[in-house]
Amino acid sequence: MALSVEKWVGFGSAMAGVGLLWSRMPEHFHEEARYIISSLVPMAMSYFNPYEQVIVPEYGDERFRRNKLFDAVSTYMSSVRLEGASRLKAELSYSSKDDPVISLDENQEVADSFDGARVWWRLCPKASKNRGSTIITLHGRDADEEPRCYRLVFHKRHRQLVLSKYLPSIIQQWRVLIAENKKRQLFTNHIVNGRPTWSNVPYNPSATFDHLAMDHAKKVEIINDLTAFKMGQDYYSKVGKAWKRGYLLYGPPGTGKSTMIGAMADFLDYDVYDLDLTSINGNADLRKLFLETTDKSIIVIEDIDAIDVELSTKRKEGKAANGGEGNDNHVLIKVCDKEIGKSKVTLSGLLNIMDGLWSACGSERIFVFTTNHVDQLDPALIRSGRMDKLIELSYCRSEAFKMLAKTYLEIDDHSLFGEIGRLLDETNTTPAEVADSLMLRRESNDEIGRVLDEIGGAPADVADNLMLRWKRKRAADECLESLRETLKKAKMESATPPI
Ligand SMILES: Nc1ncnc2c1ncn2[C@@H]1O[C@H](COP(=O)(O)OP(=O)(O)OP(=O)(O)O)[C@@H](O)[C@H]1O
Ligand SMILES: [Mg+2]
């Protein structure tokens, strides 16, 4: 049967060829006759061909947005009996433990049945040309330009059933599956075949807000802000603003900016899109990537100061040259390739997706920028309304240290706490450095043997407990002692004037 469908598709193609030839007939054919015959060809074609096609292209209009129906069909294809296909694809995805996911390879065809109707699916590497049968392009432009598509063929009499029941049922199954298997994802962008693309892995940030050592009041303020945002759909629509929020996290290296992004993703249960501007060729690609991000997500640009150097210089030069404000159209970043002219993302391009026309596409999105040098950023980027909240993450002080000690050593108090707190106030030590000192050290076998001798004879569970407590205390003493020495050294070095 599939063969005869192909024949019909071929027949349509032949008829289309006749039509094309006819339309190019020499001038001596009467204009009117040419017109009538070339309009009759498609009618005849449609009359004789009992089959219709639906093309489901991979990308929607302007190739900006992925066509979700394509993804839905791809998922559905792994559940259809793939008996008709002679070549399949097998993948081991992150989510499927030991079972490979089997799917249709390109140019392969399978049959499916729905409510008594028989349909045929084919994955085409490039969308087939109009081969004569009626083609309905879903979410699409001219099918010829699509990089990949699914072609669904069915008998004309099933048109209603296919369009109003079969395809919606595929979408519904896909949505249920997504909801069931929903895991937080971390996306990053790169170029595939010259096109910017997101790829993703499951994301389970190791640190939550509980692990984040910082001023308690500030932490509560951030959590309240995020909660208000998450609950704020009605508010944002009432005031007519896009449902999005911008955070700038700034502070020296190792103060917890990246850790906080993970904590935010964990708290909100959002996906994270880590946007690498160096892998983007220009504003159009930036928009394309932005449109492919999903709602309920955090879009991150880390170390914006590091990629902002050229912008700052240009802006300063611009100001110096014309004695006033520069404009937003200078180059934010140039990718280091030879064709440098093509590889540009501008500040205005970036601002456009944050709060320009494009920001209205999608909702419930958080933008997070991080920087070590807030003073070097372009004021346009951080003006209020764009960055709703500027959060400083700073050096480790007494309060943050106690939180780290609780996390790493599971202790609330120690005789060295007071002295270490004072030393931290006098030195600029980052939470990363403190956390590093508090990592558990391994005890030597001799030490363990000595303790085992001491607690020998105790029942097993009591001995285990004693051993654990000894290890903790030993670790705490040792770690805090070493931290105190490090801090003392740092204090002396900062007090010694440079020669
Ligand atoms: N405030 C903090 N609370 C808890 N742990 C922290 C904190 N800051 C840093 N750390 C620890 O230090 C490590 C490095 O921190 P992180 O990568 O978040 O720093 P950063 O501010 O993003 O640095 P950079 O500016 O270099 O990107 C983390 O994995 C974490 O273990
Ligand atoms: Mg970081």
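Guide: In this predicted model, Ala, Val, Leu, Ile, Met, Phe, Trp, Tyr, Cys and Pro count as nonpolar, Asp, Glu, Lys and Arg as charged, and the others, Gly among them, as polar.

Visitor: With that in mind, how many residues of each class are in the shell around ligand 1?

Guide: The shell around ligand 1 has 8 nonpolar, 7 polar and 1 charged residues.

Visitor: And which residues are the closest to ligand 1?

Guide: Of the 16 residues that surround ligand 1, the closest are Pro253, Gly256, Ser258, Pro431 and Ala432. Helix 7 (257-268) and helix 14 (431-437) are the elements that give two or more residues to this shell.

Visitor: Where does ligand 1 lie relative to the domains?

Guide: Ligand 1 lies between domain 2 (185-392) and domain 3 (408-495), because both domains give residues to its shell.

Visitor: Changing topic to the backbone: what is the phi of Lys296?

Guide: Lys296 has a positive phi of about 55 degrees, although it is not a glycine. Most residues other than glycine have a negative phi.

Visitor: Where is Lys296 found?

Guide: Lys296 is in the loop between helix 8 (283-291) and strand 12 (297-301).

Visitor: Why is Lys296 called partly exposed?

Guide: Lys296 has 16 other C-beta atoms within 10 Å. A residue is buried at 20 or more and exposed at 12 or fewer, so a count in between is partly exposed.

Visitor: What about Glu410, then: exposed or buried?

Guide: Glu410 counts as exposed, because it has 10 C-beta neighbours inside 10 Å. Glu410 is placed in the loop between helix 12 (398-409) and helix 13 (417-426), and its phi is positive, near 55 degrees.

Key
Residues numbered from 1 in each chain as written. Chains lettered and ligands numbered in written order. Predicted model: local features only at pLDDT ≥ 70, side-chain atom pairs only at ≥ 80, totals over all residues. Near = placed C-beta within 6 Å. Helix = DSSP H or I, 4+ residues; strand = E, 2+ residues; numbered from the N terminus. Domains from an automatic or database assignment.
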